[in-house]
Amino acid sequence: MEKEFDYLIIGQGLAGSILAYTLLEKGKKVLVLDEPKLQNCSKIAAGICNPITGRNLVRTWKSRELFTFLNDFYPKLEKQFNSNFFFSVPIYRPFQTLEQQQDWSAQEEKATEEVIYPKNPLFEKNVNEPLGGLLIKNGGHLRTDIFLEAIKKYLIEHNAYQEKLFDFDDLMLNDKATKESYQKVVYQDIKANHIIFCRGVLDKTNPFFDKLPIAPAKGEILHIDFDKIEENKSHQNQEMIRKLNQFILNKGCWLVPFKDKIIENNLNNKVNGLDENVITTFRTGSTYNHDDLTLKPTEEARQEIETKLKGVLNLDYQVTKQEVGIRPSTRTRYPLMGTHKDYPQMSIFNGFGAKGVSMIPYFANEFVEHLFNGKELDKILRVNKWLLK
Ligand SMILES: Cc1cc2nc3c(=O)[nH]c(=O)nc-3n(C[C@H](O)[C@H](O)[C@H](O)COP(=O)(O)OP(=O)(O)OC[C@H]3O[C@@H](n4cnc5c(N)ncnc54)[C@H](O)[C@@H]3O)c2cc1C
């Protein structure tokens with residue numbers, strides 16, 4: 001295997017994968033090192049992209065740019081990898097309070113092509129929506145597990161992936177032994193011009209970037225299934241499950257159908273009665289915990305999610321799995337990226353918190369433009385001000 005690269009990337013979560021892809025597509029020689037046994041929150045993420053978030057239902061930062069980019073990016077990769085992992089799914093947000101509803105009713109002009117304010121409840125039965133809700137058309141869902149496998153296959157095909165635990169003790173940055181390797185990166189038998197850390201929350205203990213305001217947030221998520229419940233065989237419940245297949249429901253917690261495209265296509269062809277192609281497997285969650293950062297699932301989290309779900313959905317289910325991940329959130333609530341002030345051959349691309357799926361494609365492109373052409377990064381993202389502290 002080739003041992004000299006333009007870029008050495010550490011971590012194959014969404015950040016490392018998409019950055020590596022972006023660099024490879026620009027003709028660079030890239031190697032990604034990843035140890036799959038470590039925590040990787042990308043694998044368990046619900047994969048939701050939502051342009052309107054929070055209690056106040058406001059447009060997320062840079063949502064226009066992010067969504068224009070991602071709606072092109074993921075479908076393009078689906079074609080290229082001949083795989084299905086991205087689904088445009090509207091998000092239905094029943095209003096939680098009268099205040100929220102009145103805010104929207106008072107400003108109906110806020111309704112755009114993206115956001116619809118249906119006057120009548122969408123589900124009528126089984127969903128608690130007495131105040132109606134908002135329908136966000138531009139929502140989406142990435143099957144991160146399928147996506148990460150597809151991109152790993154692509155990296156392997158380009159000799160750009162090695163399963164390996166990166167150890168800082170073996171990193172040499174200022175190897176002055178030869179003029180050529182000065183200001184390059186030497187890691188064991190690998191040489192690169194530049195190293196980029198995409199280790200998610202584990203970069204909190206990165207000795208070069210440990211002053212960055214990474215604020216880990218544990219998240220738990222439940223896999224649930226409607227299939228094994230006897231009363232869900234009734235016509236009414238089956239119609240309800242069919243309808244739930246078409247939305248991401250979001251009120252206090254979210255409920256997302258775990259789709260793949262074969263199912264989606266068949267769904268469009270069937271009109272009456274539930275059949276084996278309707279998805280009964282959903283994911284729901286999630287929790288936020290900044291104190292307990294263990295990777296252990298907890299009873300409290302399960303109860304919290306189930307209480308919220310039962311508050312919005314009147315349909316029985318079985319919990320089939322509970323998963324945990326630690327989000328690389330930041331105290332600034334913005335991602336972090338840039339090159340180290342003392343080591344021009346070292347950068348970091350991290351801090352995507354709870355919005356990696358929508359943010360990473362756009363920012364990978366911005367960051368590559370920054371590395372290649374010196375395009376200025378938004379001030380809020382830059383890392384060097386933290387390194388001076
Ligand atoms: C419960 C939950 C639900 C979520 N839902 C959503 C959602 O719906 N939508 C959304 O946009 N985001 C969601 N997120 C957030 C999303 O998961 C993150 O934004 C994103 O995955 C961060 O990706 P990352 O690549 O930075 O980190 P990670 O996915 O954690 O990847 C880091 C990688 O670095 C590797 N690594 C670390 N150290 C080393 C080392 N020394 N050597 C080799 N490899 C190393 C790890 O093995 C891992 O593969 C959710 C998160 C959680 C926990």
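This is a guided tour of a predicted model of a protein chain with its ligand.

**The whole chain**

Begin by colouring the protein chain by pLDDT, which averages 90. A score of at least 70 is reached by 89% of the residues. Next, select residues 265–274, where pLDDT stays under 50. For this stretch the model has 13 contacts beyond four places in sequence.

**The ligand and its shell**

Now select the ligand and display the 36 residues around it. Asp34, Ser42, Ile48, Phe166 and Gly353 are the ones that come nearest. If the shell is coloured by class, 17 residues appear as nonpolar, 13 as polar and six as charged.

Where does the ligand lie with respect to domain 1 and domain 3? Select domain 1 (4–43 + 146–213 + 332–387) and then domain 3 (217–327); the ligand lies between them, because both give residues to its shell.

Continue with the secondary structure elements around the ligand. Helix H1 (14–25), strand E2 (30–34), helix H2 (41–44), strand E19 (318–327) and helix H9 (356–373) supply at least two shell residues each. H2 gives the largest share, with three residues.

**Polar atoms beside the ligand**

Select phenylalanine 166 again and show its backbone: a polar atom there is 2.8 Å from a nitrogen atom of the ligand. Move to arginine 199, which places a polar side-chain atom 3.2 Å from a ligand nitrogen atom. At glutamine 39, a polar side-chain atom lies 3.4 Å from an oxygen atom of the ligand. To see how the protein covers the ligand, display the ligand surface: taken alone, the ligand exposes 1,000 Å², and the protein buries 98% of that.

**Two backbone details**

Two stops in loops complete the tour. Most residues other than glycine have a negative phi, and most peptide bonds are trans. Select glycine 285 and serine 286, which are joined by a cis peptide bond with omega of about -10°. Serine 286 is found in the loop between strand E18 (281–285) and helix H8 (299–312).

Finally, select asparagine 126, in the loop between strand E8 (115–116) and strand E9 (133–136). Phi of asparagine 126 is positive, near 70°, and the residue is not a glycine.

Note on methods
Residues numbered from 1 in each chain as written. Predicted model: local features only at pLDDT ≥ 70, side-chain atom pairs only at ≥ 80, totals over all residues. Heavy atoms only, no water. Near = heavy atom within 4 Å. Polar contact = N/O pair within 3.5 Å; in protein donor to acceptor, adjacent residues only side chain to side chain. Areas by Shrake-Rupley, 256 points an atom, 1.4 Å probe, with all protein chains shown as cover. Helix = DSSP H or I, 4+ residues; strand = E, 2+ residues; numbered from the N terminus. Nonpolar A, V, L, I, M, F, W, Y, C, P; charged D, E, K, R; others polar. Domains from an automatic or database assignment. pLDDT = per-residue confidence, 0-100. Contact = heavy atoms within 4.5 Å.
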